[in-house]
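Reader: Hi! Could you walk me through this structure, starting with the cysteines?
Author: Happy to, here it is.

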Amino acid sequence: MDAVDAPEQGVCRQLTLPDIARAFDATATVPCSQEHTAETYAVGELPDSLADAAYDAPEVGAFAFEACTTELEKFLGGDVSVTMRSILTWVWFRPSQKAWDSGARWYRCDAVGGGEQSATLLTLPDTARGLLEGRPEDAWMACVKGPSVSGSATIPCTKAHDWRAVTTIKLGEPAEAYPGDAQVETTTRDFCSDSVGAWLNYPVDFDYGYTWFHEPEWDAGNRRSICWAKTRD
C-alpha cells in the first residue's frame with residue numbers, strides 16, 4: 001500500500017467516484033477483460049526538479065496535468081479538442097504520504113469515463129486505446145441533459161440529451177499568464193457564438209453554451225474552453 005516502486009502500466013481497476021478524488025490509490029487491479037472503470041495508460045517518475053517538492057505542491061500537479069493530458073491524447077488517438085469533448089478523461093495518483101517521505105516520486109495516469117459531477121463512472125472496454133481515432137462513437141462523446149450546460153453532469157451522447165460539446169477554443173500559450181476571468185469568459189462566449197452557429201450551419205435562431213475554466217485550471221496547464229450546441233442529435 002505504501003509502495004515506493006512505481007505501479008504497473010496497462011492494468012485495469014474498478015475505481016469509484018470517491019476513489020478518483022483521492023491523491024493516492026491502492027485499489028487492487030482486475031483483469032482488463034473483466035468489468036472495470038479505469039485503465040492505467042501512463043506511469044513515470046517526476047523530474048529531478050521536483051525531488052524536494054512538497055507532497056501537495058502546485059508544481060507537482062502542473063507537471064502531472066501536462067504529462068497525463070499529453071499521453072491521454074496519444075492513448076485515445078484524438079487531438080486535444082476531440083479529447084476535451086469526449087466523456088473520457090484522466091485522473092492521476094502519486095505515492096502515499098509515507099512512500100513520498102521515503103523518496104518515492106512516481107505518478108500514475110488512469111483513463112476513466114466520467115468525472116466528479118457524474119452519477120457514476122462508465123464501464124470501459126478491454127482497452128480504451130484508440131477509442132477516439134477517426135470519427136469517435138457517440139458512446140464516448142460528451143453531452144448534457146438539462147436546461148443549461150452549467151452545473152450539469154456530462155453523459156454519453158448515446159443517451160437522451162439537450163446539449164453536445166462541438167468545438168473548443170484555445171485561449172493562450174503555455175507560458176502566458178492568466179488573462180483574468182472577465183477576458184476568458186468574454187473571449188469564450190464570443191468564439192462559441194460564432195463557432196456553434198457555423199457547426200449548426202448558420203440557422204436563424206440557435207442556443208449555445210460554453211464551459212470556461214478559472215485560474216487554478218490555467219495554472220495546472222489548461223488553455224481551452226468548450227463550446228456546446230443545443231441539439232438532440
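**Disulfides and strands**

Author: A disulfide joins Cys-143 to Cys-157, with an S to S distance of 2.0 Å. Keep in mind that this is a predicted model.

Reader: Thanks! Which hand does the link of Cys-143 and Cys-157 have?
Author: The link of Cys-143 and Cys-157 is right-handed, with 95° about the S-S bond. Cys-143 lies in strand β6 (residues 142–144) and Cys-157 in the loop between β7 (154–156) and β8 (163–170), so the pair ties together parts that are 14 residues apart in sequence.

Reader: And is Cys-157 buried or exposed?
Author: Cys-157 is buried, with a relative accessible area of 4%. Its partner Cys-143 is buried too, at 0%.

Reader: How many disulfides are there in total?
Author: The count comes to four disulfides. If you number the bonded cysteines of the protein in sequence order, the pairing reads 1-2, 3-4, 5-6, 7-8.

Reader: Nice. What does Cys-12 bond to?
Author: Cys-12 forms a disulfide with Cys-32, and their sulfur atoms are 2.0 Å apart. The pair links distant parts of the chain, with Cys-12 in strand β1 and Cys-32 in the loop between β2 and β3, 20 residues apart. The link of Cys-12 and Cys-32 is right-handed, with 100° about the S-S bond, and both cysteines are buried.

Reader: What about Cys-68, where is its partner?
Author: Cys-68 is joined by a disulfide to Cys-109, S to S 2.0 Å. Cys-68 lies in helix α2 and Cys-109 in strand β5, so the pair ties together parts that are 41 residues apart in sequence.

Reader: Which hand does the link of Cys-68 and Cys-109 have, and are the two buried or exposed?
Author: That link is left-handed, with -75° about the S-S bond. Both Cys-68 and Cys-109 are buried.

Reader: Let's switch to the sheets. What is the strand order in the open sheet of five strands?
Author: The order is β2-β1-β3-β5-β4, with antiparallel pairing. The edge strands are β2 (29–30) and β4 (88–93), each of which pairs on one side only.

Reader: How many bridges join β1 to β2?
Author: Two bridges join β1 (residues 12–13) to β2, and these strands run antiparallel. In that pairing, Cys-12 stands opposite Val-30 in β2. So you meet Cys-12 again here, as one of the cysteines that form the disulfide with Cys-32.

Reader: Where does helix α2 sit relative to those strands?
Author: Helix α2 (residues 58–76) lies across β3 (38–45), β4 and β5 (106–113). The helix runs at about 140° to β4.

Reader: Now the later strands. What does β8 pair with?
Author: Seven bridges join β8 to β10, and the two run antiparallel. Within that pairing, Thr-167 stands opposite Cys-227 in β10.

Reader: And how many bridges are there between β9 and β10?
Author: Strand β9 (residues 208–211) pairs with β10 over four bridges, in the antiparallel sense. Tyr-210 stands opposite Cys-227 in β10. That puts Cys-227 across from Thr-167 and also across from Tyr-210.

Reader: How many of the residues of β10 are buried?
Author: Six of the seven residues of strand β10 (residues 224–230) are buried, so this strand is largely enclosed by the rest of the structure.

Reader: One last thing: what kind of bond is a disulfide?
Author: A disulfide is a covalent bond between the sulfur atoms of two cysteines.

Note on methods:
Residues are numbered from 1 along each chain as its sequence is written. This is a predicted model: local features need pLDDT of at least 70, side-chain atom pairs count only at pLDDT 80 or more; totals for chains, interfaces and linings use all residues. Side-chain values use heavy atoms; hydrogens and water are left out. Two strands pair if DSSP finds at least two bridges between them. Contact means heavy atoms within 4.5 Å. Axes are lines fitted to C-alpha atoms, for helices over the stretch in contact, and angles run from 0 to 180 degrees between N-to-C directions. A disulfide is a pair of cysteine sulfur atoms within 2.5 Å. Buried means under 20% relative accessible area, exposed over 50%, partly exposed in between (1.4 Å probe, protein chains only).
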